[in-house]
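Please work through the following exercises with the sequence and the model open side by side. Try each task before reading its solution.

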Amino acid sequence: MKVAFPTMDGESISAHFGRSKGFLVLETQGSVVQRREVRENAQAAHDTIRNHDHAEPGACHGHAQGGASHGHDHGAFARLLHDCQVVVVRGMGTGAVQAIQRAGIRVCRVEEGCMPEEAVNRLASDSLIDQQGGTCGCGGHAH
């Protein structure tokens, strides 16, 4: 199974799916990680340039209060992660959740501090909670 995680550093789970620099994809057999890969999030690079004054990790750039549109191509996330069965997030907006779920990919949420390997163990023991709707992992606003 392939499990994707938004990441800023290739090691930990980012607070906000769409603003991550990339996606850590772990290929697993049960709870054993067999292969690691990082896929670049080209949209984050574009957003960082456009929102250079708010480019710190975990920030919710470009989101207007009330959840207005912010310019992501949510379908691009689904295309980038098309071969993954699960995406594990700390926070993810409604549009991204819907696009990923429409692509047949399960979306699960974990709390701050959970590392990808721990999330894989929880997934293998069926103790991850499915994400319902959108929420931002940075706590700045609701989606």
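The exercises below concern a predicted model, and they go from the sheet to the helices, the cores and the salt bridges.

**Exercise 1. The sheet**

Task: Trace the strand order of the open sheet and state which strands lie at its edges.

Solution: Begin with the order, which for the six strands reads β3-β2-β1-β4-β5-β6, with mixed pairing. The edge strands are then β3 (32-40) and β6, since each of them pairs on one side only. Moving inward, β1 (residues 2-7) and β4 pair in the parallel sense over two bridges, and A4 has V87 of β4 as its bridge partner. Next, β4 (residues 86-89) and β5 (residues 106-109) are also parallel, here over four bridges, and V89 stands opposite R109 in β5. Between these two strands the chain passes through helix α3 (residues 94-102), and the resulting β-α-β crossover is right-handed. Finally, β5 and β6 (residues 129-130) run antiparallel and are joined by two bridges, with C108 standing opposite D130 in β6.

**Exercise 2. The buried faces of two helices**

Task: For α3 and for α4, list the buried residues, decide how they are arranged around the axis, and name the elements against which they pack.

Solution: Take α3 to begin with, where A96, V97, A99 and I100 are buried. Viewed down the axis of α3, these residues fall within an arc of 165°, and they therefore line one face of the helix. Their packing partners are α2, β4 and β5. Just after α3 comes G104, which takes a positive phi of about 85°.

Turn now to α4 (residues 116-124), in which P116, A119, V120 and L123 are buried. Because they cover an arc of only 105° around the axis, they are on the same side of α4. The buried residues of α4 pack against β1, β2, β4 and β5. After α4 follows D126, with a positive phi near 55°.

**Exercise 3. The nonpolar cores**

Task: Which residues of the largest nonpolar core touch the most other members, and which element gives the largest share?

Solution: The largest core has 16 residues, of which F17, L81, V87, M92 and I100 touch the most other members. Two or more residues are given to this core by each of β2 (22-29), α2 (74-80), β4 and α3, and the largest share, three residues, comes from α3. Apart from this core lies another one of 14 residues, including C108, A119, V120 and L123. Compare this with the previous exercise, where A119, V120 and L123 appeared among the buried residues of α4.

**Exercise 4. A serine in a loop**

Task: Locate S14, decide whether S14 is buried or exposed, and list the residues that S14 touches.

Solution: Start with the position, which is in the loop between β1 and β2. The relative accessible area of S14 is 5%, and since buried means under 20%, S14 counts as buried. When residues up to four places away in sequence are not counted, S14 touches P6, T7, M8, S20 and R90.

**Exercise 5. Salt bridges**

Task: How many salt bridges does a search of the whole structure find, and what do the pairs E117 and R36, R106 and D130, and R122 and E118 join?

Solution: The search finds twelve salt bridges. In one of them the side chains of E117 and R36 meet at 2.7 Å, N to O. As E117 lies in helix α4 and R36 in strand β3, this pair ties together parts that are 81 residues apart in sequence. Both ends are partly exposed, E117 at 32% relative accessibility and R36 with a relative accessible area of 37%.

Next consider R106 and D130, whose side chains meet at 2.5 Å, N to O. R106 lies in strand β5 and D130 in strand β6, so this salt bridge ties together parts that are 24 residues apart in sequence. R106 is partly exposed at 28% relative accessibility, and D130 is partly exposed at 35%.

The side chains of R122 and E118 likewise meet in a salt bridge, at 2.5 Å, N to O. These two residues are four apart in helix α4, which means that about one helical turn separates them.

To finish, look for K2, E27, R35, E37, R39 and D83, which are linked in a network of salt bridges.

Methods. Residues are numbered from 1 along each chain as its sequence is written. This is a predicted model: local features need pLDDT of at least 70, side-chain atom pairs count only at pLDDT 80 or more; totals for chains, interfaces and linings use all residues. Side-chain values use heavy atoms; hydrogens and water are left out. Two strands pair if DSSP finds at least two bridges between them. A crossover is right-handed if, with the strands pointing away from the viewer, the path from the first strand over the helix to the second runs clockwise. A nonpolar core is a set of buried Ala, Val, Leu, Ile, Met, Phe, Trp, Tyr and Cys residues joined through side-chain atoms within 4.5 Å. Buried means under 20% relative accessible area, exposed over 50%, partly exposed in between (1.4 Å probe, protein chains only). The arc is that of the directions from the helix axis to the C-beta atoms. Contact means heavy atoms within 4.5 Å. A salt bridge is a side-chain nitrogen of Lys or Arg within 4 Å of a carboxyl oxygen of Asp or Glu.
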